[in-house]
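Visitor: I would like a close look at one part of this protein. Please take the helix that feeds the core, and follow its packing outward from there.

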Amino acid sequence: MSIKKQYLKLEEDLSEINVGLIRLAKPIPEHELFFSINEINTFKFKRVEDILIKGEYFDHSFSRYQAYDKSSKNCYNFISNKSIVSIQKKEQNQLFSDESNIKFLLNLHQDVDYILSNSDMFAEFSLILLPENFVFQTQEYPLSSEEELYQLIQYYE
């Protein structure tokens, strides 16, 4: 007698969020960038737990900074697009492996330095003052619920 497996079908989440893409005008260390950002804003960004993505050959860490704005009651997150640390777990023996020691959260936008997310459903990134001499204008970018980055942002919020 065979047992028939039954699965619980959950409603599909077809929602979408907007994130901000931050490009640096010139390469500067993270601590200098966030020192400048914290000087001109009333809320202060602090380094929080890194985002960790585990692969077959490498584990990648992405830095994350978070601030809470009491006036708008929003939580903002800056996430580095490029991995800051990659730990090799085992030797690669495949010639054309799709995994390398550098990983980007947005592969199609490797020129982006940081991804800015917001706890509010309607993202308003103009409330964050950014140093003009370090950062270009923030570009809004929609993320659908099927994308891996959307799932990561939801998990780490």
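What follows starts at one helix, moves through the core and ends at the surface.

Guide: Keep in mind that this model is predicted. Begin with helix α1, residues 30-40. Its buried residues are Glu30, Leu33, Phe34, Ser36, Ile37 and Asn38. An α-helix has 3.6 residues a turn, so residues three or four places apart point the same way. The buried residues of α1 pack against four strands: β2 (46-54), β3 (58-69), β4 (74-80) and β6 (114-118).

Now the core. The largest nonpolar core has 19 residues. Leu33, Phe34, Phe45 and Phe78 have the most contacts inside it. At least two residues of this core come from each of α1, β3, β4 and β6. The top contributor is α1, with three residues.

Take Phe78 next. Set aside its neighbours within four places in sequence. Phe78 then contacts Phe34 and Ile37. It also touches Ile22, Phe45, Ser63, Arg64 and Tyr65. Tyr114, Ile115, Leu116 and Leu130 complete the list for Phe78. Another core lies apart from the largest one. This other core has 18 residues, among them Val19, Ile51, Tyr141 and Leu149.

Finish at the surface. Ile84, Val85 and Ile87 form a nonpolar patch there. Together these residues have about 240 Å² of accessible area. Ile87 lies in strand β5, residues 85-88. Why does Ile87 count as exposed? Ile87 counts as exposed because its relative accessibility is 51%, and the cut-off for exposed is over 50%.

How values were computed
Residues numbered from 1 in each chain as written. Predicted model: local features only at pLDDT ≥ 70, side-chain atom pairs only at ≥ 80, totals over all residues. Heavy atoms only, no water. Buried < 20%, exposed > 50% of the residue type's maximum accessible area, 1.4 Å probe, protein only. Contact = heavy atoms within 4.5 Å. Patch = residues over 30% accessible without salt bridge, like charges linked within 9 Å, V, L, I, M, F, W, Y side chains within 5 Å. Areas by Shrake-Rupley, 256 points an atom, 1.4 Å probe, with all protein chains shown as cover. Salt bridge = Lys/Arg side-chain N within 4 Å of Asp/Glu carboxyl O. Core = buried A, V, L, I, M, F, W, Y, C linked by side-chain atoms within 4.5 Å.
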